[in-house]
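This report describes a single protein model. Please look at the sequence and the 3D structure before reading on.

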Amino acid sequence: GLADKNAALRLWRPGGAAFHNIMLSDSANPRRFAIALSFPGEHRDYVEQVAKALLPAFGGGELGKARVFYDAWHESKIIGYGSNRKLQKIYAKDSDLIVPFYCQDYLNKKWCGVELRAIEELLFDQQYERVLPFRFDKVDIPSSFKTDVFPLVTGRQAEDIARVILQRYNELQPATLELPQSHEDQRIAGFSADISRIIKYA
């Protein structure tokens, strides 16, 4: 059987329908979400593609949605009184990895500001690896310096960004989650490929 402090995570692998159990030795009470996405509504279409691309790694369908916080999938968790506090708890306490998509629209939106405060709390606590930022434009990002690297997603496939997100998640957790290779792009997307993009936009 599983030890009391371990949880079983269902792992989907391309090429087979079976699920494989892998161990997570995080705590007796693992966080509700593996990944939480933060973004302005102007870029919802793109971020939804990223969210959908992440689903197979967490079992697909409703099982996958239960592990990925994309607001449209979890309306019941945030509506009602005190939605700002509910959102901040999701980002600061209830998610393993927070993925903000920064841009000028993000900085202009009050609700994005609510989420940003939760992100800044993680940075204040030096939990830097739990935040994986991307950007849609070259806006100055609060709480960042020139030595911080936030890759542009412009011109990149949502599946490519989803793979980068899973790579970071695998570094945070003892997991080897994978996404199926698309028919359009069979290359393996890794950090080595991303570094060239990062250098270009840094």
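The sections below cover the sheet, a helix that lies across it, and the cysteines of this predicted model.

## The sheet

Strands of a sheet pair through backbone hydrogen bonds, and the pairing is either parallel or antiparallel. Here, four strands form an open sheet in the order β4-β3-β5-β6, and their pairing is parallel. At the edges are β4 (68-69) and β6 (134-135), each of which pairs on one side only.

Strand β3 covers residues 33-38 and strand β5 covers residues 95-102; five bridges link the two in the parallel sense. One residue pair can be located in the structure: Leu-37 has Val-99, in β5, as its bridge partner.

## A helix across the sheet

Which helix lies across β3, β5 and β6? That is helix α7, made of residues 158-172. Relative to β5, helix α7 runs at about 145°.

## The cysteines

A disulfide is a covalent bond between the sulfur atoms of two cysteines. The number of disulfides in this model is zero, counting sulfur pairs within 2.5 Å. Cys-103 takes part in no disulfide, and the nearest cysteine sulfur to it, that of Cys-112, is 7.3 Å away.

Why does Cys-112 form no bond with Cys-103? The closest cysteine sulfur to that of Cys-112 is in Cys-103, and because the separation is 7.3 Å, it is too far for a bond.

Are these cysteines buried or exposed? Cys-103 has 1% relative accessibility, so it counts as buried. Cys-112, at 5% relative accessibility, also counts as buried. The cut-off behind both statements is that buried means under 20% relative accessible area.

Notes: Residues numbered from 1 in each chain as written. Predicted model: local features only at pLDDT ≥ 70, side-chain atom pairs only at ≥ 80, totals over all residues. Heavy atoms only, no water. Buried < 20%, exposed > 50% of the residue type's maximum accessible area, 1.4 Å probe, protein only. Pairing = 2+ DSSP bridges. Contact = heavy atoms within 4.5 Å. Axes fitted to C-alpha atoms, helices over the stretch in contact; angles between N-to-C directions.
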